[in-house]
Amino acid sequence: MKHPSSRAFFAYWDDKRGFARAPDRSELEPGPVRELLGDIFVLSCDKPIEFPFRVAGTRVCALLGRDLKNQAFPLLFAPECRDEIRDMITVVSEEQLVAVAGVTAMTEFGQKAHLELLLLPFAARAHSPISVTGLLAPMYEVRGRLGAFQLTSFRYLAHQPQRFAPRALRKLQVARGLMVYEGLR
């Protein structure tokens, strides 16, 4: 991750997940990431309606010059990039992997803008819609509205180790001098 906002949001998310692969949506509070809220968004993982925005930060909306609530996230990208971004959101939500992507777009004034996209999963809960959170931050100040995004690079942080809570050894059974402990092979 290159952008300091991406690193800060990832560190907060990583701290909140504790020993799980991903934190529950209710565990993330806006207070600790107050200065990042303008760049943060939440997507619903509803494939038939193209992963719509549930919430979008003010800076994300300002970059595109419109309110993004209920707008389909892949439609912000050029047509040739939409399948890749759909696949990326699916992998993040289903495999609970973190994705980081480089994105470019042209401003309304013809200047190229470089951005970093971070996608983070939430833990799946029974009877609750699946969603992912993310952050979209320009690498430098952008003047004017952005056009269609181009996906220039992406990677998954697959080496993200799942943390396991340390097990306490329990004495299960004593049989003729044999002691059996849970968790050992």
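**Notebook: a helix, a sheet and two cores**

I began with α3, which has 14 residues and reaches 19 Å from its first C-alpha to its last, close to the 20 Å expected at 1.5 Å a residue. A reminder to myself before going on: this is a predicted model.

**Entry 1: the rest of α3**

I looked up which residues of α3 are buried, and found I85, M88, I89, T90, V92 and S93. What do they pack against? The buried residues of α3 pack against β1, β3, β4, β5 and β6, the last of these being residues 150-156. I also checked the direction of the helix: α3 lies across those strands and runs at about 25° to β6. Just after α3 comes Q96, and I noted its positive phi, near 55°.

**Entry 2: stepping back to the whole protein**

Next I wanted an overview. The protein has three helices and eight strands. Read from the N terminus, the elements go α-β-β-α-α-β-β-β-β-β-β. How much of the protein is buried? Of the 185 residues, 43% are buried. For the accessible surface I wrote down about 10,600 Å², with 53% of it belonging to carbon and sulfur atoms. I then turned to contacts between residues at least 6 apart in sequence, and 60% of them join residues at least 24 apart.

**Entry 3: the sheet**

I traced an open sheet of six strands, in the order β2-β1-β5-β4-β3-β6, with antiparallel pairing. Why do β2 and β6 each have one side without a neighbour in the sheet? They stand at the edges, each with a single partner strand, so that side is left free of a neighbour. On average, neighbouring strands here are turned by 20° against each other, direction ignored.

**Entry 4: β1 and its partners**

I chose β1 for a closer look. With β5 it pairs in the antiparallel sense over five bridges. Along this pairing, I40 stands opposite L135 in β5, and V42 stands opposite T133. On the β2 side, three bridges join the two antiparallel strands, and F41 has A56 of β2 as its bridge partner.

Is β1 covered or open? I found it mostly covered, with five of its five residues buried. In a regular strand, side chains alternate between the two faces of the sheet. I sorted β1 by face: I40, V42 and S44 are on one side, F41 and L43 on the other, and all are buried. Helix α1, residues 4-17, lies across β1, β4 and β5 and runs at about 5° to β4.

**Entry 5: the cores**

Nonpolar side chains tend to be buried together in soluble globular proteins. Here I went looking for such groups. The largest nonpolar core has 33 residues, and those with the most contacts inside it are F41, F73, F77, I89, L117, L146 and F149. Several elements each supply at least two residues of this core, among them α2 (58-64), α3 (82-95), β3 (99-106) and β4 (112-121).

I followed one of these residues further. Which residues does L117 contact, leaving aside its neighbours within four places in sequence? The list I made is F41, F73, F77, I85, A99, V100, A101, V103, L135 and L136. I recognised I85 from my list of buried residues in α3, and L135 as the residue opposite I40.

My last find was a second, separate core of 18 residues, which includes Y12, W13, L28 and L36.

Technical notes
Residues numbered from 1 in each chain as written. Predicted model: local features only at pLDDT ≥ 70, side-chain atom pairs only at ≥ 80, totals over all residues. Heavy atoms only, no water. Core = buried A, V, L, I, M, F, W, Y, C linked by side-chain atoms within 4.5 Å. Buried < 20%, exposed > 50% of the residue type's maximum accessible area, 1.4 Å probe, protein only. Helix = DSSP H or I, 4+ residues; strand = E, 2+ residues; numbered from the N terminus. Contact = heavy atoms within 4.5 Å. Areas by Shrake-Rupley, 256 points an atom, 1.4 Å probe, with all protein chains shown as cover. Expected span 1.5 Å × (residues − 1). Pairing = 2+ DSSP bridges. Axes fitted to C-alpha atoms, helices over the stretch in contact; angles between N-to-C directions.
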